[in-house]
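The following paragraphs lead the reader through a predicted model. They begin with a sheet, continue with the helices and close with charged side chains.

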Amino acid sequence: MTNWISANWDAPNSIVAGITTRSAINFSFPVTGKPCWINQIHGNSVIKANHYNKQPEADACISYNSKYFCAVRTADCLPVLFCSSDGNSYAAAHAGWRGLAGGILENVVESFLVDTSKIIVWLGPAISQLSFEVGNDVRDKFLNLDPANKIYFIFNKKDRWFCDIYGLARHKLKALGITKIFGGEFCTFNDKELFYSYRRSSSSRRMISFVGIRCP
C-alpha cells in the first residue's frame, strides 16, 4: 500500500504536494527545507512558514522560499493546498466547516503576492457529503454568508443535513477568482484502508498534507 498520495493538479514541476496515508511510518517528505508545523484551532489565521520556538496557533501557512514547506494535519477536515503558477509561493490550509465559514481560504488567497488567476488549488482527501451530517446551525452559518450555499446541503431522515465540504470550498474559491481547482474525489470516512477518520474513531491519528519545493 502506498504511504502517500501525490496531488493530481496542474502545478509547476518545481512543486511537489500530497498527503500521507495510514501506512505512512517514519515518512520522508519529498520536499526541500523543513516543515512549518502549526497548532490548528479551527480558526482563520494564516502565518508565514518560518522557524518558531513554539507552534503558532493558526490553520494555514504560506511560504515564499524553499527553506520551509507547508503542512497541515487532518482526519475528515479538508486539507487545501495552494501554489502560484510560477512556483514561487505555496500554502497549506486546514479547512473544517468552522474554518471555511470563518474565512480561512479567503485569508490564504489574500496572502499570495500574485493575481488569483495565477493560483492553483488541490482539495485533499476529506469526508464526503453523505458521511458528513450537520445541524441547522452549520447550514445557517453558510446560508448567511451566501444563500447560494443551500445547494451544498441535503436534508435527511434524521431532520439533519448532509454537508458537501468540497462543494463549499470550490464555491468560495471560484468566488475569489480561482479557476484551477483540482481534487475532491476521496472520502476519509469511507476509505478505511487509506485514511484516518475522526468521525469513524475520535481517537484516530491524522494524515499530513504538504506542499513545497521538490527535492532535486
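**The sheet and its surroundings**

Six strands form an open sheet in this predicted model, in the order β4-β5-β8-β7-β9-β13 and with mixed pairing. The edges are held by β4 (46-48) and β13 (180-183); each has a single partner strand, so one side of each is left without a neighbour in the sheet. On average, neighbouring strands of the sheet are turned by 20 degrees against each other, direction ignored.

In general, the strands of a sheet pair through backbone hydrogen bonds, in either the parallel or the antiparallel sense. Both senses can be followed from strand β5. Towards the edge, β4 and β5 run parallel and are joined by three bridges; here Lys 48 stands opposite Ile 62 in β5. On the other side, β5 (residues 60-63) pairs with β8 (residues 90-95) in the antiparallel sense, over four bridges. Within that pairing, Ala 92 in β8 is the bridge partner of Cys 61. The side chains of β5 point in two directions: Ala 60 and Ile 62 point one way, Cys 61 and Ser 63 the other, and all are buried.

Two helices lie across strands of this sheet. Helix α2 (residues 104-111) lies across β4, β5, β7 (78-84), β8 and β9 (119-123), and runs at about 170 degrees to β8. Helix α4 (residues 165-175) lies across β7, β8, β9 and β13, and runs at about 175 degrees to β9.

**Links between the helices**

How are helices α2 and α4 tied together? Lys 172 forms a salt bridge with Glu 106, the closest N and O atoms being 2.6 Å apart. Because Lys 172 lies in helix α4 and Glu 106 in helix α2, the pair ties together parts that are 66 residues apart in sequence. Lys 172 counts as buried, at 13% relative accessibility, whereas Glu 106 counts as partly exposed, at 25%.

Lys 172 also has a contact with a third helix. Leu 145 lies in helix α3 (residues 136-145) and touches Ala 101 and Lys 172, not counting residues up to four places away in sequence. The relative accessible area of Leu 145 is 47%, so this residue is partly exposed. Its C-alpha atom is separated by 9.7 Å from that of Gly 102, a residue 43 places away along the chain.

**A buried acidic residue**

Asp 164 is found in the loop between β12 (161-163) and α4. Which side chain of opposite charge is nearest to Asp 164? It is Arg 170, 5.3 Å away, and Asp 164 is buried yet has no salt bridge. The cut-off for a salt bridge is 4 Å between a side-chain nitrogen of Lys or Arg and a carboxyl oxygen of Asp or Glu.

The side chain of Asp 164 does reach backbone nitrogens. One is that of Tyr 166, at 3.3 Å, and another is that of Gly 167, at 2.9 Å. Leaving aside neighbours within four places in sequence, Asp 164 is in contact with Gln 129 and Tyr 152.

**Further salt bridges**

The structure holds four salt bridges. One of them involves the edge strand β13: Lys 180 forms a salt bridge with Asp 10, with the closest N and O atoms 3.9 Å apart. Lys 180 lies in β13 and Asp 10 in the loop between β1 (4-6) and β2 (15-20), so this pair ties together parts that are 170 residues apart in sequence. Lys 180 counts as partly exposed, at 33% relative accessibility. Asp 10 is also partly exposed, with a relative accessible area of 43%.

Another salt bridge joins the side chains of Lys 158 and Glu 133, at 3.9 Å from N to O. This pair links distant parts of the chain, with Lys 158 in the loop between β11 (153-155) and β12, and Glu 133 in strand β10 (residues 133-134), 25 residues apart. Which of the two is buried and which is exposed? Lys 158 is exposed, with a relative accessible area of 60%, whereas Glu 133 is buried, with a relative accessible area of 17%. The two residues belong to a network of salt bridges in which Glu 133, Lys 158 and Arg 160 are linked.

Terms used: Residues are numbered from 1 along each chain as its sequence is written. This is a predicted model: local features need pLDDT of at least 70, side-chain atom pairs count only at pLDDT 80 or more; totals for chains, interfaces and linings use all residues. Side-chain values use heavy atoms; hydrogens and water are left out. Two strands pair if DSSP finds at least two bridges between them. Axes are lines fitted to C-alpha atoms, for helices over the stretch in contact, and angles run from 0 to 180 degrees between N-to-C directions. Contact means heavy atoms within 4.5 Å. Buried means under 20% relative accessible area, exposed over 50%, partly exposed in between (1.4 Å probe, protein chains only). Lys and Arg count as positive and Asp and Glu as negative; His and the chain ends are not counted. A polar contact is a pair of N or O atoms within 3.5 Å; within protein, one must be able to donate a hydrogen and the other to accept it, and residues adjacent in sequence count only if both atoms are side-chain atoms.
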